[in-house]
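Trainee: Got a minute to go through this one with me? I'd like to start with the sheet and then get to the charged pairs.

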Amino acid sequence: MDIAGDGELIELEEAGARVLVLGGARRQPAADAVLRGLIAEVSGVPADDVELVHACGVCGARHGRVGIPYPLTASGASWFADIAVSGDATVAAVATRHPLGVGMETATLDSGEVIDEAAFHASERAALAELDPARRALVRATLWARKTALLRAVGHTDFIEPSRLALSIPGDDGGAGRIVRSVPEFGSVWQQVRFHDIAVPGNRAASVAVIG
């Protein structure tokens with residue numbers, strides 16, 4: 001696919017990542033085709049030659065970010081890549097130096113108290129309660145997109161309840177979020193995580209989590 005003509009290519013220079021945003025088309029290309037096209041664009045190899053593996057390298061289950069056996073980077077290391085799809089919107093990201101994950105979530109006015117308690121830290125719920133309903137929906141969706149992206153970037157790990165993690169509040173952190181309360185399972189890596197929120201079409205929020 002011609003990603004230059006089909007979507008918006010965004011450079012996250014501080015993260016060493018490139019992000020492709022597609023949206024609005026009646027018929028979206030398949031996720032694997034989008035990811036192959038993006039990797040082909042940044043690596044210079046034909047899209048048909050790009051190999052994708054949707055299996056965890058530890059347990060073999062289909063979770064976490066996508067594996068890229070080929071091509072390799074100029075240094076001989078593997079590319080880091082991930083993709084998220086929501087309705088007619090697609091966000092894909094690739095990087096050479098740092099693990100990353102992509103999350104996307106639809107904004108809803110009320111997701112339900114039980115869901116919010118399972119998804120968000122008490123400090124996050126308190127911050128959401130102070131917002132007007134219209135802004136609250138998008139901030140909630142952005143927080144959830146960030147957490148989804150982080151868990152995909154981390155990949156294989158013991159199950160971590162999202163409500164144990166507290167993130168900076170979107171809109172108050174300039175779109176480059178961070179973890180403010182972590183869990184022991186993450187060790188010191190949480191200090192290296194940054195969330196880069198991506199504008200997407202429709203009533204949605206998207207974020208790319210980069211570790212390092």
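Mentor: Sure. One definition before we start: two strands pair if DSSP finds at least two bridges between them. And keep in mind that this is a predicted model.

Trainee: OK, so how many bridges are there between β5 and β6?

Mentor: Seven, and the two strands run antiparallel, with β6 covering residues 89–95. For one of the contacts, look at phenylalanine 80, whose bridge partner in β6 is alanine 95.

Trainee: What's the strand order in the open sheet?

Mentor: β1-β2-β6-β5, four strands with antiparallel pairing. β1 (8–12) and β5 (80–86) are the edges, each pairing on one side only. From one strand to the next, the twist averages 15°.

Trainee: Which strands does helix α2 touch?

Mentor: Helix α2, residues 31–43, packs on the sheet and touches β1, β2 (17–23), β5 and β6. The helix direction makes about 40° with that of β6.

Trainee: Switching to charges. How many salt bridges does the structure hold?

Mentor: Nine. One of them joins the side chains of arginine 152 and aspartate 82, at 2.6 Å from N to O. Arginine 152 sits in helix α5 (residues 133–154) and aspartate 82 in strand β5, so that pair links parts of the chain 70 residues apart.

Trainee: Are those two buried or exposed?

Mentor: They split. Aspartate 82 has 0% relative accessibility, so it counts as buried. Arginine 152 has a relative accessible area of 23%, so it is partly exposed.

Trainee: What does aspartate 88 form a salt bridge with?

Mentor: With arginine 204, and the closest N and O atoms are 2.8 Å apart. Aspartate 88 lies in the loop between β5 and β6 and arginine 204 in strand β12 (residues 204–211), so the pair ties together parts 116 residues apart in sequence.

Trainee: And how accessible are aspartate 88 and arginine 204?

Mentor: Aspartate 88 is partly exposed at 29% relative accessible area. Arginine 204 is at 16%, and since buried means under 20%, arginine 204 counts as buried.

Trainee: Where are glutamate 124 and lysine 147?

Mentor: Glutamate 124 is in helix α4 (residues 122–129) and lysine 147 in helix α5, 23 residues apart. Their side chains meet in a salt bridge at 2.8 Å, N to O, and both residues are buried.

Trainee: Last one: which residues are joined into one network by salt bridges that share partners?

Mentor: Arg146, Asp173 and Asp197.

Notes
Residues are numbered from 1 along each chain as its sequence is written. This is a predicted model: local features need pLDDT of at least 70, side-chain atom pairs count only at pLDDT 80 or more; totals for chains, interfaces and linings use all residues. Side-chain values use heavy atoms; hydrogens and water are left out. Axes are lines fitted to C-alpha atoms, for helices over the stretch in contact, and angles run from 0 to 180 degrees between N-to-C directions. Contact means heavy atoms within 4.5 Å. A salt bridge is a side-chain nitrogen of Lys or Arg within 4 Å of a carboxyl oxygen of Asp or Glu. Buried means under 20% relative accessible area, exposed over 50%, partly exposed in between (1.4 Å probe, protein chains only).
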